[in-house]
Amino acid sequence: MSDFVTLVDYLTAIPEYPNFHSDTLLIAGNSLPYLIISAAKFCERMFEIRRVVFVGGIGHGTSPLIKNCQKSCPELVRAEWPHLSEAEITQEIFLHHCSRELTLVAEKASTNTGENARFSYELLKQDLPKNFWLIQDPLVQKRSHLTFSQEWQLPMSAIRPLFFERPQLINFDRQPHFENPQMDTWWTADYFLSLVLGEIRRLNDDENGYGPKGANFIPHVAVPEKVLASYQRCQKYLFGINRV
């Protein structure tokens with residue numbers, strides 16, 4: 001098993017909440033049209049969901065989101081999109097695939113995961129849900145879950161991560177290859193490396209991470225030694241990658 005398979009398996013493992021129910025679904029800014037379209041179809045059949053929250057300003061995922069939409073749903077792309085927030089773009093895609101009457105809320109200023117959680121909390125604090133579904137890029141889902149739990153002061157079990165199909169990496173050889181080949185185009189090689197290796201660094205609780213020993217954005221995470229060893233061996237791939 002390649003080191004990248006180990007890292008992706010770790011990042012995309014989520015807890016099982018078989019009896020989870022909530023009337024609120026939150027979509028955090030990400031670059032994957034598939035997730036947005038799947039969320040819309042999910043809301044079409046999940047009548048208990050009454051409110052959808054779109055979160056995200058113009059950030060590192062905005063350009064990849066637009067490029068992915070140009071490939072997978074070009075008929076939806078508008079010339080104005082580069083000037084819109086991820087929340088606004090996501091809402092447009094969502095509404096194209098979901099016709100149910102829902103309460104829609106947009107947070108359009110946040111530019112990172114911490115702000116996603118903090119700004120959405122401030123926006124909803126007069127009517128906070130006790131629990132909610134959370135949709136985020138599968139590679140960022142673990143840290144997003146932790147961040148929202150801490151910022152909203154909710155137990156982890158009150159937030160149900162949802163990404164519809166877990167990415168099963170086969171290998172990384174200049175670009176990622178997955179069991180579902182459609183996922184091979186979800187992330188460019190550089191963006192994949194930036195997300196996977198950057199997430200392990202942020203999750204690891206040391207002076208360079210986001211835990212209590214570092215920036216204190218998330219609770220302590222005990223990253224398994226096997227995962228850290230794989231991360232160390234993959235450091236050579238970071239050369240030339242701007243965002244890690």
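**Two pockets in one chain**

Okay, let's start with the space inside: the largest pocket holds about 400 Å³. Before I go on, keep in mind that what you see is a predicted model.

So who lines that pocket? There are 32 lining residues, and the ones nearest the pocket's centre are H60, T111, N112, T113 and R143. If you want to find the place on screen, pick out those five residues. As for the elements, three of them give two or more residues to this lining: α5, running 113-124, then α6, at 141-152, and α7, at 189-203. Which of the elements gives the most? That's α5, with 5 residues.

What about the chemistry of that lining? Sorted by class, we get 16 polar residues, 9 charged ones and 7 nonpolar ones.

Now, on to the second largest pocket. Here the space comes to about 300 Å³. Its lining is made of 14 residues, and nearest the centre you'll find P33, Y34, S72, Q182 and W186. Two helices to look for here are α2, which covers 33-45, and α3, which covers 62-72; each supplies at least two of the lining residues. The largest share comes from α2, and that's 5 residues. By class, this lining has 6 polar, 5 nonpolar and 3 charged residues.

Okay, let's zoom out to the chain as a whole. How many helices and strands does the chain have? The secondary structure comes to 8 helices and 7 strands. Put a box around the C-alpha atoms, along the principal axes, and you get roughly 50 × 40 × 35 Å.

Does the overall size fit a globule? For 244 residues, a compact globule would have a radius of gyration near 18 Å, and this chain has 17 Å, so the two agree.

And how much of the chain is tucked away? Out of the 244 residues, 54% count as buried. The chain's exposed surface is about 11,500 Å², with carbon and sulfur atoms supplying 50% of that.

One last thing, about contacts along the sequence. Take the contacts between residues at least 6 apart in sequence: 72% of those join residues at least 24 apart.

To recap the pockets: the largest pocket has α5 as its top contributor, while in the second largest pocket the largest share belongs to α2. That's my tour, thanks for listening.

Terms used: Residues numbered from 1 in each chain as written. Predicted model: local features only at pLDDT ≥ 70, side-chain atom pairs only at ≥ 80, totals over all residues. Heavy atoms only, no water. 1 Å grid on protein atoms, 1.4 Å probe; cavity = no way out; pocket = protein on both sides within 12 Å on 5 of 7 lines; lining within 4 Å. Points joined across faces, edges and corners; volume = space filled by probe spheres on them. Helix = DSSP H or I, 4+ residues; strand = E, 2+ residues; numbered from the N terminus. Nonpolar A, V, L, I, M, F, W, Y, C, P; charged D, E, K, R; others polar. Rg over C-alpha atoms; globule rule 2.2 N^0.38 Å. Buried < 20%, exposed > 50% of the residue type's maximum accessible area, 1.4 Å probe, protein only. Contact = heavy atoms within 4.5 Å. Areas by Shrake-Rupley, 256 points an atom, 1.4 Å probe, with all protein chains shown as cover.
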